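Here are two short exercises to work through with the model open in your viewer. Try each task before you read its solution.

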Amino acid sequence: MQHRSDVEAADALKQAYQQIRTEIGKVIVGQDEVVKFILISIFSNGHCLLVGVPGLAKTLLVQTVSQVLDLDFNRIQFTPDLMPSDIIGAEILGEDRNFKFIPGPVFSNIILADEINRTPPKTQAALLEAMQEKSVTAAGVTHKLAQPFFVLATQNPIEQEGTYPLPEAQLDRFMFKVSLDYPSFAEEVQVVRNTTSTLKQEVTKQLNAEQIIYFQQLVRNIPVADNVLEYAVKLVAKTRPGGEFAAPQVQRLLNWGAGPRASQYLILGAKCHAVLSGKYSPDIEDVQAVAKPILGHRIVRSYHAEAEGLSTDDIVAQLF
């Protein structure tokens, strides 16, 4: 898949994005922001963490995305007794008396890590190594994962019993943390109508793995003006209490700020957001558009912020 120029390729990506949104909309009612951030994270070669109560079609959404993008899809249900080998695979003794590696479900393009906070840290870490390195090591041998590789993990925000919250360092591996809300009344009526009849919506495939890798490279090639780059880095620096650029309210509202990975993802996300909006270079508005789901899980609120009922999104919005 080759285009004569990056401008032509950017137009093709915007058109493909709109077609993908249309196809997903046949199955998924509403959740426009969530779909947008999932697609931005795929085209930016990142990963996404979805937080929402049961029954909000998180699994169906990921299945639909994998169908529209013509990618291999595996779902891993995380449970307290899940072992790392259940995810990455294991060495077994074959009939020829030699050990051979049997790949686990992580060897796929799209992984749905359902309820990732239900499994112990040892197993969480096995998946997160694959996310970062795009490879897994078993019995001293490194196995490369298929490309593109995208993890969409889900968490239930209600139940805390029997869960193992992801440590901050592991949360940092996710480009976005997106909260799913309840559908509106009209949307829920539409959902119930669609899911309680024999009507079955078929989606058509829009992009294959090779095209997605091409567009991921295109996003990295998009130029960024120095003032936008500096704005993104300064926005992250504002979240760090005691830092040179710390915002006045941050000293009181935050215990910890975001690290350098947040700055990298802000720029990548802004580049992708700009192209999907029909622009050829990101501006400050594009950085702000992706800032909340990128910074929200990378900052730690203080007692004051929790007592005042301020969410991480509220605090990030104060820094624009």
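**Exercise 1.** In this predicted model, work out how helix 9 and helix 11 are oriented to each other.

*Solution.*
- Step 1: Start with the general approach: a pair of packed helices is described by the distance and the angle between their axes.
- Step 2: Helix 9 spans residues 226-237 and helix 11 spans residues 260-276; their axes cross at roughly 140° and come within 9 Å.
- Step 3: Angles over 145 degrees would count as roughly antiparallel, and 65 to 115 as roughly perpendicular. Helix 9 and helix 11 are therefore oblique to each other.
- Step 4: For the handedness, helix 9 passes helix 11 in a right-handed crossing.
- Step 5: Now look at the contact itself. Helix 9 contributes Val228, Leu229, Ala232, Val233, Leu235 and Val236, which meet Ala262, Ser263, Leu266 and Ile267 of helix 11. Sorted by class, this contact has nine nonpolar residues, one polar and no charged ones.

**Exercise 2.** Find the order of the strands in the open sheet, and say which strands lie at its edges.

*Solution.*
- Step 1: The open sheet has five strands with parallel pairing, in the order 2-5-8-1-9.
- Step 2: Strand 2 (73-77) and strand 9 (176-179) are the edges, as each pairs on one side only.
- Step 3: Check one pair: strand 2 joins strand 5 (residues 110-114) through five bridges in the parallel sense. Here arginine 75 stands opposite leucine 112 of strand 5.
- Step 4: Finally, add a helix. Helix 2 (residues 32-43) packs on the sheet and touches strand 1 (48-51), strand 8 (150-155) and strand 9. The direction of helix 2 makes about 165° with that of strand 9.

Notes: Residues numbered from 1 in each chain as written. Predicted model: local features only at pLDDT ≥ 70, side-chain atom pairs only at ≥ 80, totals over all residues. Heavy atoms only, no water. Pairing = 2+ DSSP bridges. Helix = DSSP H or I, 4+ residues; strand = E, 2+ residues; numbered from the N terminus. Contact = heavy atoms within 4.5 Å. Axes fitted to C-alpha atoms, helices over the stretch in contact; angles between N-to-C directions. Parallel < 35°, antiparallel > 145°, perpendicular 65-115°, else oblique. Left-handed = near helix turned anticlockwise from the far one by under 90°. Nonpolar A, V, L, I, M, F, W, Y, C, P; charged D, E, K, R; others polar.
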